[in-house]
Structures are given as C-alpha cells and as structure tokens.
Amino acid sequence: MPLVTRVTDLIGRTPLFELAATATGTRLLLKLEQFNPTGAAKIRMAREMVLDAERRGLLRSGGHIIESTSGNTGLGLAVVAAERGYRFTAVVDHHACKDKLRAMRAMGAELVYVADEGDDNLATSAREDLAEAMAAERADAFFTEQHNNDANAVGYYPVAEELLEDVERVDILLSAVGTGGSLFGTATRLRQLGCPPYVIGVEPVGSIAFGGPGGPYWQSGTGTPPGATIGTAVDYSLLDEGVKVSDVAAFATARAVAAELGLMIGGSAGGSVHAGLTRLEEFPPGSTVVTIVCDGGEKYLDTVFDDDWMNERDLLDADAEREVAELLRRYAPAARNTLVQAR
C-alpha cells in the first residue's frame, strides 16, 4: 500500500474471503467491504456521487450536501465532505445504528431526525421527503438522493474490477439490495468486462422490491419498506432471481459466523450469507459465488449481537444459529479444516 494523504485514497482493494466450499468445487466467497474507511462499502458510492455532482456543476465550492441515510452512506459522505470542504447534513431516524449516528456527528455531520427519541421505526419515506425539501430551500445545497442517483451504481464498478483481479470469473453474484447500487453496479461492470454473472438479489421479509406483502423488519440499510419508492439503481433487467430472508435467519447467520470464525459481519450481510449457504449445493459444480459484505458487525454490538435487544424483538433463535454453524462446519474449506486438525 503506497503512502496516501486522503482517507478516500484508502478506498478499495478489499479482501476476498473463502467462507465455504462444496465437494464439487463450488465456493462461497465474501468481498469484505468493511475494510474500507468507515467500515462499509457505501463510501465508494458516496465519493462517486460527490465527484459526479462536481463535474456536472451541481455542487460548488463550500456547498452543502444533504442526504437521507440509515448510516453507512452518511458515514461515507461525512468523510468526503470533510475532505472537500462541504457542509453535510444527514437526515436520519432512530432505526439507524447508534454508533453510525455517533460517528457521523464525530466527523462533523449535522444530524436531523424525522422521529422523536424512542421511536425506532424505519422512516425511509419521511427521511427522503425532508432531505429533498431541505435541499430545495437552500441555494448552495445538493441532495445526493442515493436511491435515484446514477453515480451510485458507478461507484461500485471498481468492485467488479477488483474481483476479476482475484478470481478468474464470478458465476453467481448474490447480495443484499437496498439502493441496489452495490449489486447492480458490480453486475453491470462484470458484464462490461465479459463476465456476466447470474444475479441473485436478497431483501428482508417485509421489503417490497421483489414483490409480496410489506411489513416491518430490523435489517438495517437494506430492502425497500412499504410506502417507500424503489430506486432507479434497482435494475430488474439484470436480476435473475430475488429472494427474501427473515430477520431471524439473517441475524442468526451473522452471529454464527462471528462465533464460529471470529468474523464480524452486519445483519444484512447475514441475510445474503444465509441465502448462499443454504443453497450452495444447488449451484452448478465448480461455481464461484460472491457475496458483497457491505459492512462489518462491530456497528451492531448494541443490536444484532446483543441478546437483550434481540430477545425484546423476538429475534433470538439458538436453533437457527446452530443450523448455520453446522453449515459452516460442513462446508469449511479444506485449508481451514487442516488448520483446525493441526491444532
């Protein structure tokens, strides 16, 4: 790694981790985006949205960035705003992880809440409406509008390039869908590079992007809640399959991965990993399956990894965690098994 002078110069070249492998040579690989600054993938698209706005003359020196965020986009924008001399206002709700909110404030962001303290419901539509209204009132402001910003997906093109530097091909790209940028931006660039993957989107039960009844869910930064508009970054023309994973299954997976391997992944990543692990034998032999892990689990110590918080919401399921642990042991790559036996 060369010596750098800006935090955004540290974005990218995140590691690829082999989580599971079958006897037929199919592998489940995790692109560990928590190794980016801010511990999340979304700093990639935060930077690209700001650079794109500058190129188009929509954001000028000393301007004001406004965004509705559940946390990780806001963290990325806080970094970019600090580097480039912008003011940043994050419109948030109390559904967001408290550590994300604290970190945004620490990096100079102004937080504007759309709900009162104690109301921890997801309020995506209210956040977006307020962010848009605030930007319209200020001549120097730019609403990055991550759900409907073409630069969002473009920010993830380097993920595809990095993947093909590390593996010969990506047969199946399976990841959570929030704004859609990470999954569909990566899939678009893989196609451009001559490696079109089979694309599986994962959303929480209760999210409406792939149809079905809407309802509440606790997975953070992913899905489309009832009443929210599905963003333009969700490219259905690239989607081969959309699946839903419950909060219980997603969080059980994140907890089991931490306990079995010492790898902390976020709750929405747990949903993607659950989908991959439970279907691994269904994929063609020799498949390379990649899941983009959008952030790490350290931000969720007060939620997903807190037994009291989980119990209060009827999300804690020891049996589900054991089932995932059994899958991790069954599909443990040979090199990992060799290490365990050596000990």
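## The loop around Gly211

Gly211 sits in the loop that links β8 (198-204) and β9 (241-245); helices (H or I, at least four residues) and strands (E, at least two) here are DSSP runs, numbered from the N terminus. This is a predicted model, where local features need pLDDT of at least 70 and side-chain atom pairs count only at pLDDT 80 or more, while totals for chains, interfaces and linings use all residues. Residues are numbered from 1 along each chain as its sequence is written, and side-chain values use heavy atoms, with hydrogens and water left out.

Is Gly211 buried or exposed, or something in between? Gly211 counts as partly exposed because its relative accessibility is 28%; buried means under 20% relative accessible area, exposed over 50%, and partly exposed in between (1.4 Å probe, protein chains only). Leaving out residues up to four places away in sequence, Gly211 touches Glu203 and Lys244, where contact means heavy atoms within 4.5 Å. Gly211 and Val243 are 32 residues apart along the chain, and their C-alpha atoms are separated by 9.8 Å.

## The six-stranded sheet

The two residues that Gly211 touches also face each other: Glu203 has Lys244 in β9 as its bridge partner. Strands β8 and β9 run parallel and are joined by five bridges; two strands pair if DSSP finds at least two bridges between them. As a general point, strands of a sheet pair through backbone hydrogen bonds, either parallel or antiparallel.

These strands belong to an open sheet of six, in the order β1-β2-β10-β7-β8-β9, with mixed pairing. β1 (16-21) and β9 are the edge strands, each with a single partner, so one side of each has no neighbour in the sheet. On average, neighbouring strands here are turned by 25° against each other, direction ignored. For such angles, axes are lines fitted to C-alpha atoms, for helices over the stretch in contact, and the values run from 0 to 180 degrees between N-to-C directions. Helix α6 (residues 157-166) lies across β1, β2 (27-32) and β10 (288-293), and runs at about 130° to β2.

## The four-stranded sheet

There's also an open sheet of four strands, ordered β5-β4-β3-β6, and its pairing is parallel. Which strands stand at its edges? They are β5 (110-113) and β6 (141-143); each has a single partner strand, so one side of each is left without a neighbour in the sheet. Neighbouring strands in this sheet are turned by 25° against each other on average, direction ignored.

Strand β4 (residues 87-92) pairs with β5 in the parallel sense over four bridges. Here Ala90 stands opposite Leu111 in β5. Helix α4 (residues 124-136) packs on the sheet and touches β3 (64-68), β4, β5 and β6, with its direction at about 160° to that of β3.

## Two residues of helix α4

Thr124 lies in helix α4 and counts as buried because its relative accessibility is 8%. Not counting residues up to four places away in sequence, Thr124 touches Ser68, Asp93, Pro225 and Ala228.

Ala131 is also found in helix α4. With a relative accessible area of 0%, Ala131 is buried. Its contacts, again not counting residues up to four places away in sequence, are Ile66, Glu67, Ser68, Val91 and Phe143. The C-alpha atoms of Ala131 and Arg336 are separated by 47 Å, with these positions 205 residues apart along the chain.

## Loop residues with positive phi

Thr38 lies in the loop between β2 and α1 (43-55). Its phi is positive, about 75°, although Thr38 is not a glycine.

Glu145 is found in the loop between β6 and α5 (150-154). Its phi is near 45°, a positive value in a residue other than glycine. Glu145 is partly exposed, with a relative accessible area of 31%.

## The largest pocket

The largest pocket holds about 440 Å³ of space. A pocket is found on a 1 Å grid over the protein atoms alone, as an open set of points where a 1.4 Å probe fits, with protein on both sides within 12 Å along at least five of seven lines; lining residues have an atom within 4 Å of a point. Grid points are joined across faces, edges and corners, and the volume is the space filled by probe spheres set on the points.

Which residues are closest to the centre of this pocket? Of the 25 that line it, they are His94, His95, Ala96, Lys98 and Thr303. The elements giving two or more residues to the lining are α3 (98-106) and α9 (267-279), and α3 has the largest share, with four residues. The lining divides into nine nonpolar, eight polar and eight charged residues (Ala, Val, Leu, Ile, Met, Phe, Trp, Tyr, Cys and Pro count as nonpolar, Asp, Glu, Lys and Arg as charged, and the others, Gly among them, as polar).
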